[in-house]
Structure formats: C-alpha cells, structure tokens
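Colleague: Can you walk me through this model? I'm new to reading structures.
Modeller: Sure, here it is.
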Amino acid sequence: MNQQTTPGQERLPCLYCGERYGPDDVARHTEPVHCGRCITCVGKPECFECRLMYCVCDVHRYRG
C-alpha cells in the first residue's frame, strides 16, 4: 500500500522544536512572537523553548 501525500498535507519538521506540523499549526511554528523580554527569545515562534535559566518571557519561559 502506498500512502500518497497531496500538496498542503505534508507535515514538516519544525526548525525550533523538531515537532512535525501541518497547515493547521503553521503559525505556532513559524510566526515570531514579539516578547521583547529575553535576548534569546526575541523573534522566535511560540513553540520555541528558551534554555536561558533567567528567562522571564511568558511564552518561551525556561522550563528546565
């Protein structure tokens, strides 16, 4: 059985978190969140997880 993928249904791996996403979740993985509070997070999408211990950004906060 060959499973064919039609254009627009391909699930691409995210450059920031590695999770595969489809057209329904593009914004979370590609659109930058302008938090402006941490130099590591600025311009990163919502899925990005900051690894800076003192990050105070509500979206990207360090969760380690």
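Colleague: How many aromatic pairs does a search of the whole structure find?
Modeller: One aromatic pair. The model is predicted, by the way. The pair is made of Tyr16 and Phe48, whose ring centres are 6.1 Å apart. Their planes stand at 85 degrees, so the pair is edge-to-face.

Colleague: Why does that angle make it edge-to-face?
Modeller: Planes over 60 degrees apart count as edge-to-face. The angle here is 85 degrees, so the label follows.

Colleague: Where in the chain do the two rings of the pair come from?
Modeller: From distant parts of it. Tyr16 is in the loop between strand S1 (12–13) and strand S2 (20–21). Phe48 is in the segment after helix H1 (26–30). The two are 32 residues apart.

Colleague: Is Phe48 buried or exposed?
Modeller: Phe48 is buried, with a relative accessible area of 14%. Its partner Tyr16 counts as partly exposed, at 40%.

Colleague: What sits over the ring of Phe48?
Modeller: The charged end of Lys44. It is 5.4 Å from the centre of the ring.

Colleague: Let's step back. What pattern does the protein follow along the sequence?
Modeller: The pattern is β-β-α. That comes to two strands and one helix.

Colleague: How much of the protein is buried?
Modeller: Of its 64 residues, 22% are buried. The protein exposes about 5200 Å². Carbon and sulfur atoms supply 50% of that area.

Colleague: And what share of the contacts joins residues at least 24 apart?
Modeller: The share is 11%, taken among contacts between residues at least 6 apart in sequence.

Colleague: On to charges. How many salt bridges does the structure hold?
Modeller: One. The side chains of Glu19 and Arg28 meet there, at 3.8 Å from N to O.

Colleague: Why can side chains like that pair up?
Modeller: Side chains of opposite charge can pair when their charged atoms come close.

Colleague: How accessible are Glu19 and Arg28?
Modeller: Glu19 counts as partly exposed, at 37% relative accessibility. Arg28 also counts as partly exposed, at 29%.

Colleague: What about cysteines? How many disulfides are there?
Modeller: The count is zero. Take Cys41: the closest cysteine sulfur is in Cys50, 3.7 Å away, which is too far for a bond.

Colleague: What cut-off are you using for a disulfide?
Modeller: The two sulfur atoms must be within 2.5 Å. Cys55 is in no disulfide either. The nearest cysteine sulfur to Cys55 is that of Cys41, 3.8 Å away.

Colleague: Are Cys41 and Cys55 buried or exposed?
Modeller: Cys41 is buried, with a relative accessible area of 0%. Cys55 is buried too, at 8%.

Colleague: Let's try the helix. Where is His29 found?
Modeller: In helix H1. His29 is buried, with a relative accessible area of 2%.

Colleague: What does His29 touch, leaving out residues up to four places away in sequence?
Modeller: Its contacts include Tyr16, Glu19 and Tyr21. Cys14, Cys17, Pro45 and Cys47 are also among them. You have met Tyr16 in the aromatic pair and Glu19 in the salt bridge.

Colleague: Arg28 is in that bridge too. What about Glu46, where is that found?
Modeller: Glu46 is in the segment after H1. At 45% relative accessibility, Glu46 counts as partly exposed. Beyond its neighbours within four places in sequence, Glu46 is in contact with Arg28, Glu31, Val33, Val59 and His60.

Colleague: How far apart are Glu46 and His34 in space?
Modeller: They are 9.6 Å apart, C-alpha to C-alpha. Along the sequence, twelve residues separate their positions.

Colleague: Last topic, the strands. Where is Leu12 placed?
Modeller: In strand S1. Leu12 is partly exposed, with a relative accessible area of 38%. Setting aside residues up to four places away, Leu12 touches Glu19, Arg20 and Tyr21.

Colleague: And Gly22, is that buried or exposed?
Modeller: Gly22 is buried, at 2%. It is found in the loop between S2 and H1. The C-alpha atoms of Gly22 and Leu12 are separated by 6.6 Å, and the two are ten residues apart along the chain.

Note on methods. Residues numbered from 1 in each chain as written. Predicted model: local features only at pLDDT ≥ 70, side-chain atom pairs only at ≥ 80, totals over all residues. Heavy atoms only, no water. Helix = DSSP H or I, 4+ residues; strand = E, 2+ residues; numbered from the N terminus. Buried < 20%, exposed > 50% of the residue type's maximum accessible area, 1.4 Å probe, protein only. Contact = heavy atoms within 4.5 Å. Areas by Shrake-Rupley, 256 points an atom, 1.4 Å probe, with all protein chains shown as cover. Salt bridge = Lys/Arg side-chain N within 4 Å of Asp/Glu carboxyl O. Phe/Tyr/Trp six-rings, centres within 6.5 Å; stacked < 30°, edge-to-face > 60°. Lys NZ or Arg CZ within 6 Å of the ring centre and 35° of its normal.
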